[in-house]
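Q: Could you take me through one part of this model up close, slowly enough for a first-year student? I'd like to see how that part sits among its surroundings, and then how the rest compares.

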Amino acid sequence: MYRFWVWLAGCGGGGGQGSGSKSITYWASNQAPTIQDDKQILSGVLSKFKSQDGVKSDLQVIGWPDLFNRITTAVSSGQGPDNLNIGNTWSPTFQKTGAFLPFDKSELDAVGGKDKFVQTAYQTSGYKEPYTSLPLYGLFYNKAMFKKAGIQGPPKNWTEFVAIGKKLTNPPKQWGLALEAASITENAH
């Protein structure tokens, strides 16, 4: 079964690689300002995926108000997507149902191995091995801004993170860091 680097993988009903298909279903949670923005962003990534692996993705971006109900229906019916991305706050609940397939060592190795991701990224979902999810979003940074400021690449530790943030900050028009400050669940990690 193919898995994207998503928080949770596989309710199994979408007809993915395990059934010999060259097509998978992918439910994406709405992350961009609009669902259409998400479709545009993800379509480019999925196009590259298809050109590399020959697998077509049936992308469905689902807004947060509807996503929980869609997932619970998929879990109870056994007719879910091959891949799903959600936040870590829901993953313990859905993992407990047994709906998500564990990654084996070869599958983890195919995406860079267990050590590619920091341990806390796995632990935020509340579960340890066997893993049923992989971190999807990491550190995003503006390469042009970094280059202009003479910064060679993303920070490797907290000290570098703070120093780069300060170097990129030029109020009131430019800030070196953005957070969803009003979101309790985002700030929890």
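A: Let's start right where helix H7 begins: there, a side-chain oxygen of Asn157 comes to within 3.2 Å of the backbone nitrogen of Thr159. Keep in mind that this is a predicted model, so every distance here is computed from predicted atoms.

H7 itself runs over residues 158-168. Which of its residues are buried? Ile164, Gly165 and Leu168 are. If you look down the axis of H7, these buried residues fall within an arc of 105°, so they line one face of the helix. Turn to the other side of H7 and you'll find Thr159, Lys166 and Lys167, which are exposed. So Thr159, the residue whose backbone nitrogen Asn157 reaches, is on that exposed side. And what sits on top of the buried residues? Helix H6, residues 143-148, is included in what covers them.

Now for some rings. The structure holds 2 aromatic pairs. One of them joins Tyr141 and Phe146: their ring centres are 4.7 Å apart and their planes meet at 45°, so the pair is tilted. The two partners have quite separate surroundings: Phe146 counts as buried, at 6% relative accessibility, while Tyr141 is partly exposed, at 32%.

The other pair is inside H7. The ring centres of Trp158 and Phe161 lie 5.1 Å apart with their planes at 25°, so this pair is stacked. Remember that planes under 30 degrees apart count as stacked. How far apart are Trp158 and Phe161 in the helix? They are 3 residues apart, which is about one turn of H7. Trp158 is exposed, with a relative accessible area of 63%, and Phe161 is partly exposed, at 23%.

What comes after H7? The loop between H7 and helix H8 (184-187) contains Pro172. The peptide bond leading from Pro171 to Pro172 is cis, with omega near 5°. To see why that's worth a glance, most peptide bonds are trans.

For a second helix to put beside H7, try H2, residues 64-77. Does its length add up, or not? At 1.5 Å a residue, its 14 residues should span 20 Å, and the end C-alpha atoms are 20 Å apart, which agrees. The buried residues here are Leu67, Ile71 and Ala74. They cover an arc of only 65° around the axis, which puts them on the same side of H2. Pro65, Asn69 and Ser76, on the other side of H2, are exposed. The cover over the buried residues of H2 includes strands S2 (23-29), S3 (56-62) and S4 (83-85), along with helix H3 (91-96).

Right after H2 comes Gly78, with a positive phi of about 75°. For background, most residues other than glycine have a negative phi. Also in this neighbourhood of the sequence, Arg70 lies over the face of Trp27, at 4.5 Å from the ring centre.

Now hop to the loop between S2 and helix H1 (35-53), where you'll find Asn30. Is Asn30 buried or exposed? It's buried, with a relative accessible area of 17%. Leaving out residues up to four places away in sequence, Asn30 touches Ile35, Asp38, Val61, Ile62, Gly63 and Trp64.

One more loop, the one between H3 and helix H4 (105-110), holds Asp104. Asp104 is partly exposed, at 39% relative accessible area. Its C-alpha atom is separated by 8.1 Å from that of Tyr131, though the two residues are 27 apart along the chain.

Finally, zoom out. The chain has 8 helices and 4 strands, and reading along the sequence gives the pattern β-β-α-β-α-β-α-α-α-α-α-α. Of its 189 residues, 35% count as buried. Among the contacts with a separation of 6 or more, 62% come from residues 24 or more positions apart.

Definitions and conventions:
Residues numbered from 1 in each chain as written. Predicted model: local features only at pLDDT ≥ 70, side-chain atom pairs only at ≥ 80, totals over all residues. Heavy atoms only, no water. Phe/Tyr/Trp six-rings, centres within 6.5 Å; stacked < 30°, edge-to-face > 60°. Buried < 20%, exposed > 50% of the residue type's maximum accessible area, 1.4 Å probe, protein only. Helix = DSSP H or I, 4+ residues; strand = E, 2+ residues; numbered from the N terminus. Lys NZ or Arg CZ within 6 Å of the ring centre and 35° of its normal. Arc of directions from axis to C-beta. Contact = heavy atoms within 4.5 Å. Polar contact = N/O pair within 3.5 Å; in protein donor to acceptor, adjacent residues only side chain to side chain. Expected span 1.5 Å × (residues − 1).
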